[in-house]
Structures are given as C-alpha cells and as structure tokens.
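Reader: Could you take me through a few local features of this structure, with the criteria behind each term?

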Amino acid sequence: MNPFEYAPALESTSIVTIAERYKLFINGKFVAPRSGKYFPTINPATGKTLSQIAEANAADVDLAVKAAREAYAKVWSKLSASERGKYLFRIARILQERAREFAVLETLDNGKPIRESRDTDIPLVAAHFFYHAGWADKLNFAGVGEQPKPYGVVGQIIPWNFPMLMLAWKVAPALATGNTVVLKPAETTSLTALLFAEVCQQAGLPAGVVNIVTGAGATGATLVNHPGIDKIAFTGSTDVGKLIATAIAGTKKSATLELGGKAANIIYDDAAIDEAVEGIVNGIFFNQGHVCCAGSRLLVQENIADEVLEKLKVRMSHIRLGNPLDKNTDIGAINSAAQLAKIRELSAAGEAEGAERWSPPCELPTDGFWFAPTIFTGVSQTHRIAREEIFGPVLSVLTFRTPQEAIEKANNTPYGLSAGIWSEKGSKILWTASKLRAGVIWANTFNKFDPASPFGGYKESGWGREGGRHGLAAYLKAGK
Amino acid sequence: MIIDSSESSLKAFLQTLPRVDEVGVNARAAMLATRSIKTSSKEWAIDTAISMVDLTTLEGADTPGKVRAICAKAVRPDATDLSVPSVGAVCVYNDMVHIARSTLDQIGGKAIPVAAVATAFPSGRASFAVKAQDTMDAINAGAAEIDMVIDRGAFLSGRYGEVFDEIVKIKELCGEKAHLKVILETGELVTLDNVRKASYLAMLAGADFIKTSTGKVSPAATAPVVLVMLEAVRDYFGMTKVRIGVKPAGGIRNTKDAIKQLVLVNEVAGPEWLTPQLFRIGASALLNDLLLQRMKMRDGYYASPSYVTLD
C-alpha cells in the first residue's frame, strides 16, 4: 500500500454547457436536420449519454455544400488575403480564451485525460490557427508559384482520436488558403466541433465559410460523392481511405488522405535508456494509443532488450489509468465499444499466436470502455499484432541484432507514417532516418507536433502532407 | 559491480552507464510537475515533508543563540500545534554541532540527529588532512550525519579515483557513528551525464545519501537533477539490493516545490523512498511555508506569516 496515494483531483465540468440536442451548422446558423434524425453521443468513461446529435442526410449535405459554394463565390474569394488572416487570428484568440471549456468538453466526449486535452490538444489547436493566420497573405511564398488559387469548396472528414486538433489541422489551412469548408466530425466526438461552430459565430466569420454536418459513415460518403465538392481532405482508417480514393477516381476532385500507421520505435543499444523508455511510453500510451503515428512496434536491440523491458515494466507500473477528468490521469477511456472490441480481438489474436502478454496491476473502472496498458513480448513479424493497426494501448515488442535488420523490419509494413530512433550517436540517427520509409521520423523523442512541421505518410499511410509550408500545397492550385 | 577501485576500472564502469538525454529528462520532470496533489494526499505530503526537512543554518553569522533557536523549532515546528511532526535533522557547521546536540538533548529532541557539513564545505578546496580533521571534529562533537562535498575539480578533470578515494576515507572516519551524505554540487557539474556519473561514484564509494548541492551554488536542486539522482538510487538498488537516500538541497522554498519533490520520489524511485531514512530536503525557509499550508488545510484560510515563528 502506497502511503502517497493521490487523492482525486477532478477538473470541474461547470465551465461547459451541453445542450440536450445539437443541430447542424449550415450557412452560419444552427439548423434542424432535414433527416429529422438524431443519434446519441456518450461519455466513454461512464457510458452515459451526453447529448443527441443531428444526423445529416443527403439533403442536409447538399444544403451545406451549396452554402459553402455561395460563401466561396460571393464572400470569401472576394476578401483580401489579410482580411482572411484577421478572421483566423480572431478564431485563434477565442480558442485560447475558451481553452479550458474546449479541453473539458473534449475529455467528456472523447475519454482522453484532461492533462492531454489541456496541455497538448487545445494549445496545439490554437497554435495551428495562429500559424495559418500568418500564412493567409503570404501564399506567394508557399512554394506553389505566384498567386496560387484555392480549390473552392473542400469536404473534410476527421476522426475521433483528436477531434479538435484534427479539425484545426483541416480547417485552419483550408481557410487561410481561401477555401470554404464542409466538415464532418466523427460520430462519437462531434461536440467540440459544434462548440467550434459557436466560435465561428463569435468571430463573425461570414456565413457559409465553415459548415459542420454531423453523422456517421453514410453522411461522410454523401459528402465525398457530392458533385459540388472540389477537394476531399480525410483523416481516418486506411480502409475508408481506399473507399474514398475509389469513389473520387475519375472525377475532378483531388484528395489528401491521412491514414493508418504501424510505426517502428527503434531503440539502439547506445540510446539514453531511461529517456528511451519514457519515449516508448509516450509513443504508445499517449491518448490511449489512439494515435495514427503511435510507436506501436517497439524494435529494441537484442543485447539491451531485457534491461529495456525491465525498466519499461517498472515505468508502466506508475501509469495512472482512470477518470479522464482527474488531473493525474495518464490513460483515459477507450473511445467506443466498437474500438474496445477491436483492441480486445487483436490482443486475443496476439496471445493465440504465441506472444507473451503483460500488463501492470491495474484496476479498470466498471462503467465505460477501458483497456489496461499492455505489452506483448516475443512478437514475430508474422503476428497480426505486428502488422495490423491496433489503435489502442498495446505495444508489440520485437528485437533486432544490427542496424540493417532494424531498418528492414521497420520498413516491412504496408504503412509508413512515422518512426522513432533512439541513439546518442548522431551519425547513426541520420543514417537510419535516411533509410526509413516513413513520413515523420522522431529522433530521441516521440509524438511531437508543431504546426510548422509537415505531417503525412508513405505507402498506405496516405497522400499529401498537413502542416507547414508543405501542408498549404494541399489546398492550393499552382499559380503562375 | 566494479573490479576494483582503481582509476581505470572506475572510468570503465562510469563509461558503461547509459547517457542522459537532457531534453527527455526535462520533459518528464515537467510532466510530473503537473501532478495535482489535493486534500488527504496533500495533508500526508505536508507532514511527510516536514519530517524530511534537514533544518539548516549555514551562515558565517551563525551563533549559539541562532543554533539553539532552530533546534527548538526542529523539535516543535509549531508551538501551538503539537501534532506537527519534528523535522528530520538539524544541519549546521561543525563548530556548532555540540551546541545543537546539547540543546536538542535538553529540549526533548534526542531522536533528532545533528548533521554537520564537512570536508571544507562548501568548496572542498583543502588538503585531505584538513577535510579529515573537519569530519572528525564534527563526529566527536556528536554529529550523527556528515554532509561532505566531493572534489568537483578532480571530478571535472576526470580524476575519478581521487574523488572516490576521498569518499571512501571519509566513510571510514564516519564508521558506525555517522551516516554519510555526499554532496555532488550539481550546479558545478552542470550536465546530467555528470550528475549520473557522480551519483554512481558516490554510491560505489559508500555514500548513505547522495545530495544535490551545498545551497551556496545556483542552480541547486532542480527537478531534472533530482530525477536523475532518483533513477540512480533506483537502479543501484536493482543491482545491489541496497537503498541509498537522496537529499535535494537549495532552492526548495515552498510547499508546492516540496510536494513536487515527493511526487518525483514516488514515481521515479518508488514509494519505498518516501521516508526520512531515504529522503531529506535541505532547507531553511521551506519549513514555515509547510506550516502555513498545514494551517490552511486545517483552518480553511491562509494565516499571516506572523503566525509562524522566524526560527
């Protein structure tokens, strides 16, 4: 029994007001869905319903796309670039002012720890708007020629793992480059996007520049197939990404796709071991492992594997799983019953295929969706848990003998989103990075994000880049 | 763990220690600083921190009167509330040890050890004969804990054997009579790699405690430095099954800082270290803030500093 058991330190939820039901945000106003249908959104940490969300059907999506088209043609494309930038600056400042509200709401709807929504997600959201606000009147320097042109109306579909952050990654560059937007948040995490709609009103953003249609896959498919859409920006699973690519083939629509990953986190024997262990934890247990760029495959040099695993287990015994609103929680709730089932299924497959499963002693709450932080040792390249994206707090541990073998194993995947390298030898880091087929490579750190840094994948991890100068190109047609 | 205490085998051993990535340590320390310690856990932390304070006066202007005063405070930190625990030790220069010892004995503080700084504190720049005499004076006057400084000059020039031998010899002088705390003066070692190396050097040479600083050099007990030292005692325990204590000193002035230190102990070394036998905080001003926070927990409002005694 630890005498220093931290008492509950709950973040107050009094700052947020959740309505009984939410309508669609079209042409600057909240409007009831033509479908007449609503679906519940729940708090995954308790299983309780938070609110009812409108389900947009084809008629609703059509209204939203038309509003975006009209706003593009009549208002947004006529505005000077610096005026566009001012709106983005205004939104960024409001997001900072209302940061706590957004953080609490994100944690309630998504299940992620308040420490992460407060210290990572929402500060990055504001940073993305500030960064892109600065670009609005400097697009001649975006690297796509003089006076590049926006696409027009962009359909954006975002996932549930970082609801507000993914919204920012999508909306900020689209608006900065002069496009208008129809955004569909994930069906399990619509609330912060709808609060963002209020921010758009508060900032006086012209009606129709941002439209938000809520719903599940069918709503997304309708948006993708709508003829009034000029470009699709999607973040989500590789399976859905392939469907979108198929759907838009032969049309004039262009697309950026941010898809799955199965990142290798490579620990060389000359690494700073304690910090590497910290990086392993951050790589796979950040946001319950619901991270497309998570370091889900640990590749550790065989001669230090025992030491690293021993330290990792000690470190994992200090991870605090529980109420996401507790400021001391490190791992919150799994976002949905469906995701929990998928994590359980793949973990069971890992055991069945002969890998050894380990979790620290960890009491799971009874209500809601929970999964203890888990590592699998003795994993081979052929195991499903070494190949398929689990998207949960589950780490597969593999070993390697030489740097060449590390590279071969790291690249032996259909994905190529991110990778980590841990070594105190700079030349080895550079050599390794040049050989890895991954869009984002972290050295002696993991899961670091910055609006100035492009993010995106190789192979089945996606098309295009988001963030930085490279991310602007995804929303601009080449100029002269 | 090492073949012998020769310069070359010490150097070889220290080379086998993993390097420290400073960016990573800073990030980990910053994350642990966000731990929110409330209500019952805060009450426990405040009392535990009080019992870990090495109540210190190390001034040229120290007098018998000043030393007697801090001894009284050490035994009963809050005269109006006898539920407040006594501090961990009283820490003074060696010429004040006998005054501290006899005062504590007279006022019911027999159980409180007197710690003496020694070995030409704070610089450590003297012959070994002087350092040895310094140590013996303190022990003979009744010091039960010796806070020695390492020879940072020797360490920085790579003469690890010299640093090691000096600690070994002082440890011999301490014998069974006194615990040995080895001050690394991390503000002069500068890098976290050096902090890790010096921690191991001190532990291998027989330190009972490793201590960050003299309090005369800034920066002193920063969270990243303490974190690296806590990792060192944790890993040393893994190798030897011997638990070495840690004492941050210098710069820990308020309750918030002290609680952050306890969080580091809890989550890096482990809860086994959450005892005055294995963790001390060298401080003078800290005690009063702990008392004020304790009153606040009890009464529900912040009292004026006038309600706690100066020393």
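What follows is a short exchange on one helix and some strands.

Author: This is a predicted model, in which local features need pLDDT of at least 70, side-chain atom pairs count only at pLDDT 80 or more, and totals for chains, interfaces and linings use all residues. Residues are numbered from 1 along each chain as its sequence is written, while chains are lettered from A and ligands numbered from 1 in the order in which they are written.

Reader: How far apart are the end C-alpha atoms of helix α3 of chain B?

Author: Helices (H or I, at least four residues) and strands (E, at least two) are DSSP runs, numbered from the N terminus. The expected span of a helix is 1.5 Å times one less than its number of residues. For the 14 residues of α3(B), residues 39–52, the span should therefore be 20 Å, and the distance between the end C-alpha atoms agrees, being 20 Å.

Reader: In β5(A), which residue stands opposite A:Y38?

Author: Two strands pair if DSSP finds at least two bridges between them. Strand β4 (residues 38–42) of chain A and β5(A) pair in the antiparallel sense over 5 bridges, and these two strands form a hairpin with 6 residues between them. Opposite A:Y38 in β5(A) stands A:A54.

Reader: Which strands stand at the edges of the open sheet of 7 strands in chain A?

Author: The order in this sheet is β14-β15-β16-β13-β12-β17-β18, with mixed pairing. Two strands each have a single partner strand, so one side of each is left without a neighbour in the sheet; these are β14 (356–358) and β18 (440–443) of chain A.
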